[in-house]
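Trainee: Could you walk me through this structure? I'd like to learn why things get the labels they do.

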Amino acid sequence: VKYVIAPRLERVGGVGALWRFGGQDREVHVLLDPKAMVARGVTISDVRAAIRRENRNTKGGDLSEGKRRHMVRTLGQFTDIAQIENVIVRQNQNRPVYIRDIGRARFGYEDRDFSVRTNGRPAIGLGVLRRSGANTMDVMKGLKTEIAYLNDRLYEGKDIRLNMVYDETEYIDDSVKLVTNNIYLAVSLAVVVLLIFLRSLSSIVVVAVAIPVSVIATFVFLGIFDRTLNIITLAGLAFASGMVVDNAIVVLENIYRHREMGKNAFQAALEGAQEVWGAILASTLTTVAVFVPVLFVEHEAGQLFRDIAIAISVAVSLSLVVSLTVVPMLAARLLSGRLEVRSRRA
């Protein structure tokens, strides 16, 4: 875990820190015999000092060879259990006292602070801390790829398995799906309401086009403002999905009125949009004016509501542009035939 798994996970893009909990590190235990220590006049402090003195690397200076300079050091760290038992603790009457005379050394494990279990079996837990500013989805995707590689390539056929017990992206995906479904439901209900009152499929098509055009264009401006797509942003789009059709309905109804007056499609679309552009501009500005002050709210409240304010303000502003450009164009194309027939009947 320490030398293979942890370094690979730490190299995943966006990972800020990695901590481990559970498990036990291997270490060397020196078991002392109190009676033998008393007989030879050795204390625990003597043993500790002797082991620390012998188990270390010492600088040996440097060695120059032509244009090269080699750093020299003396390796004194223990590499075998027998080396520990052969350490001289002290001299008694010109006779050395070894650790093997007063005890023995063996491999063991450090004391356990707490244990981690998965499905009733002992396990080692690894926690990953995302670096500030990193995208959660990208980090989790990189971790999943690395875990799959470790399980398939390095530990295939061995009694070692890496399992992801918590995935933050599951909550994010569920939340995004929930908000997305709410947007679809809101659009569907808006279309149904339009069908009830307008009673014209062509009119519904014209108004319904304003919703996706405004929402899709909103994503572009969110990218320009360097805002990420998150639950708060999607909630703002869900709120705005019903508001973006208001301007389109006003413009379409006025165009419809001019067509019933006997004007041709192009003239009705042009004059109908020109007559109401001031009214829908005032309506849009009043809506935007409500949310713009939220952009200047600081601290946690500003971070929470700023994305909603940006999403709604941008979507409503774009609906103004769509209602004065896209809606008249579609109305001139789709409403011409049927309205001309009604004019003849009149």
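Mentor: Sure, let's start with a pair of strands: β5 (residues 88–92) and β6 (residues 95–98) pair in the antiparallel sense over four bridges. Keep in mind that this is a predicted model, where local features need pLDDT of at least 70, side-chain atom pairs count only at pLDDT 80 or more, and totals for chains, interfaces and linings use all residues. Residues are numbered from 1 along each chain as its sequence is written, and side-chain values use heavy atoms, with hydrogens and water left out.

Trainee: What makes β5 and β6 a pair?

Mentor: Two strands pair if DSSP finds at least two bridges between them. β5 and β6 have four bridges, so they qualify. I88 stands opposite Y98 in β6, and Q93, in the hairpin of these strands, takes a positive phi near 55°.

Trainee: Which strand pairs with β4, and over how many bridges?

Mentor: Strand β3 (residues 58–65) does, in the antiparallel sense over six bridges. T58 has T74 in β4 as its bridge partner. These strands form a hairpin too, with two residues between them, and G66 in the turn has a positive phi of about 65°.

Trainee: Why is β4 said to lie largely in the open?

Mentor: Buried means under 20% relative accessible area, exposed over 50%, and partly exposed in between (1.4 Å probe, protein chains only). Of the seven residues of β4 (residues 68–74), the number buried is zero, so the strand lies largely in the open.

Trainee: Why do E146 and R8 count as a salt bridge?

Mentor: The term asks for a side-chain nitrogen of Lys or Arg within 4 Å of a carboxyl oxygen of Asp or Glu. Here the N to O distance is 2.5 Å, so the pair passes. It links distant parts of the chain, with E146 in helix α6 (residues 136–154) and R8 in helix α1 (residues 5–10), 138 residues apart.

Trainee: Is E146 buried or partly exposed?

Mentor: E146 has 15% relative accessibility, so it counts as buried. R8 is at 24%, so that one is partly exposed.

Trainee: How do you know that E275 and R257 form a salt bridge?

Mentor: Their closest N and O atoms are 2.9 Å apart, so they meet the cut-off. E275 lies in helix α11 (residues 265–291) and R257 in helix α10 (residues 244–260), so the pair ties together parts that are 18 residues apart in sequence.

Trainee: How many salt bridges does the whole structure have?

Mentor: The search finds five.
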